[in-house]
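Work through the exercises below with the model open. Each task is followed by a solution in steps.

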Amino acid sequence: MGRGNNSHYSDFLSSLLFEMSMILSASVIRVRDGLPLSASTDYEQSTGMQECRKYFKMLSRKLAQLPDRCTLKTGHYNINFISSLGVSYMMLCTENYPNVLAFSFLDELQKEFITTYNMMKTNTAVRPYCFIEFDNFIQRTKQRYNNPRSLSTKINLSDMQMEIKLRPPYQISMYELGSANGVTSAFSVDCKGAGKISSAHQRLEPATLSGIVGFILSLLCGALNLIRGFHAIESLLQSDGDDFNYIIAFFLGTAACLYQCYLLVYYTGWRNVKSFLTFGLICLCNMYLYELRNLWQLFFHVTVGAFVTLQIWLRQAQGKAPDYDV
């Protein structure tokens, strides 16, 4: 009975892998900058395969902006990938290769890579293909998935089938990828920094500890200004003689602090200029409020404003990903 079930399962896998459908290559890529960590070394030299290598490069530059499970259809070939813990696992297969096997293959690569290499190694890697020895596992696994009978007792497809059904891979269009047949799209223009749309998609460098501290201090200053502003409104309502301009100064100070937090987190056009203007507004507000604050309070607010402005200036937009030969 067991042999009959195994034979039926093998026949099922064989029917899935029809018309020479197969996995052709695979790569392991770091998400944040597209650095290739490992890859299979058996690329064919056909025109179609060379074109797919270009798509690999283009995808590697956009991994941080894409969902963690995607498919790109490129005519006779499909490119599938999954991303987890800052690493993406990408594979190229023929267009008729079953999705359930493709993502099961990627899942095996992911589990083995995470088990073999810790995050510290992958995060600090500087050379392309510094884990090229992982190709041995890629090759063995690829051979298994290209031979359906060898899979009959080694994988369980039902869980992956259910997962793909509940959360199907995101279908990437050529427009999103940035180029199709040499025609530059809006994304390509964005990467070159041209046009106003580019600022909406620009990514900043990873936040540092000093940047996080500056963000928290700026929020604190904004909260202090907000509280003093409400107290000034109470005093005005009680006719204690507080100048209405003090209320405006406190709320302008609050808005300036919050805007500094925004500039620290998000990229906008003229970001550095805006940060200096915002710091100037903070200084003007505190100059006007000098009668209501002691020297130490003024020093604290101005110093925090200057510190956050420096952090905004230091946290610049990420440059274009290097053109690694993925």
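**Exercise 1: A threonine and its surroundings**

Task: Find the contacts of T278 beyond its neighbours within four places in sequence, then place the residue and judge its burial.

Solution.
Step 1. With neighbours within four places in sequence set aside, T278 touches A256, Y259, Q260 and L263. The model is a predicted one.
Step 2. T278 sits in helix α12, which covers residues 271–288.
Step 3. The relative accessible area of T278 is 7%. The cut-off for buried is under 20%. Therefore T278 counts as buried.

**Exercise 2: A second threonine**

Task: Repeat the analysis for T74: which element holds this residue, is the residue buried or exposed, and what does the residue contact outside its neighbours within four places in sequence?

Solution.
Step 1. T74 belongs to strand β3, residues 69–74.
Step 2. Its relative accessible area is 11%, so T74 is buried.
Step 3. Leaving out neighbours within four places in sequence, the contacts of T74 are C52, Y55 and M174.

**Exercise 3: Counting disulfides**

Task: Determine how many disulfides the model has, and test C257 and C283 as candidates.

Solution.
Step 1. Recall the chemistry: a disulfide covalently links the sulfur atoms of two cysteines. The cut-off for the sulfur pair is within 2.5 Å.
Step 2. Take C257. The closest cysteine sulfur is that of C221, at 5.1 Å, so the pair is too far for a bond. C257 is also buried, at 5% relative accessibility.
Step 3. Take C283. The closest cysteine sulfur belongs to C285 and lies 9.4 Å away, which is too far for a bond.
Step 4. The count is 0 disulfides.

**Exercise 4: A hairpin**

Task: Describe how strands β1 and β2 are joined, and find the residue with a positive phi in their hairpin.

Solution.
Step 1. Strand β1 spans residues 23–30 and strand β2 spans residues 36–39. The two run antiparallel and are joined by 3 bridges.
Step 2. Check the register: S27 faces A39 of β2.
Step 3. The hairpin has 5 residues between the strands. There, G34 has a positive phi near 75°.

**Exercise 5: Annotated spans**

Task: Locate the transmembrane regions given by UniProt, then compute the helix content of residues 273–290 and 296–314.

Solution.
Step 1. The unreviewed UniProt entry lists "transmembrane region" at residues 207–227, 247–266, 273–290 and 296–314.
Step 2. Residues 273–290 are 89% helix and 0% strand, with end C-alpha atoms 26 Å apart.
Step 3. Residues 296–314 are 100% helix and 0% strand. Their end C-alpha atoms lie 27 Å apart.

**Exercise 6: Confidence and overall figures**

Task: Which elements have the lowest and the highest mean pLDDT, and what are the overall figures for the protein?

Solution.
Step 1. The average pLDDT is 78, and 76% of the residues score at least 70.
Step 2. Helix α8 (residues 186–191) has the lowest mean among the elements, 37. Helix α13 (residues 295–314) has the highest, 93.
Step 3. Residues 179–201 have pLDDT below 50; the stretch makes 25 contacts in the model beyond near neighbours in sequence.
Step 4. The protein has 13 helices and 8 strands. Of its 326 residues, 44% count as buried.
Step 5. Among contacts with a separation of 6 or more, 70% join residues 24 or more positions apart.
Step 6. The accessible surface is about 17,600 Å², and 62% of that belongs to carbon and sulfur atoms.

Methods:
Residues are numbered from 1 along each chain as its sequence is written. This is a predicted model: local features need pLDDT of at least 70, side-chain atom pairs count only at pLDDT 80 or more; totals for chains, interfaces and linings use all residues. Side-chain values use heavy atoms; hydrogens and water are left out. Two strands pair if DSSP finds at least two bridges between them. Helices (H or I, at least four residues) and strands (E, at least two) are DSSP runs, numbered from the N terminus. Buried means under 20% relative accessible area, exposed over 50%, partly exposed in between (1.4 Å probe, protein chains only). Contact means heavy atoms within 4.5 Å. pLDDT is the predictor's confidence in each residue, from 0 to 100. Accessible areas come from the Shrake-Rupley method with a 1.4 Å probe; for residues, only the protein chains shown count as cover. UniProt positions are given in the numbering used here, feature names are shortened, and annotations may be inferred rather than shown by experiment.
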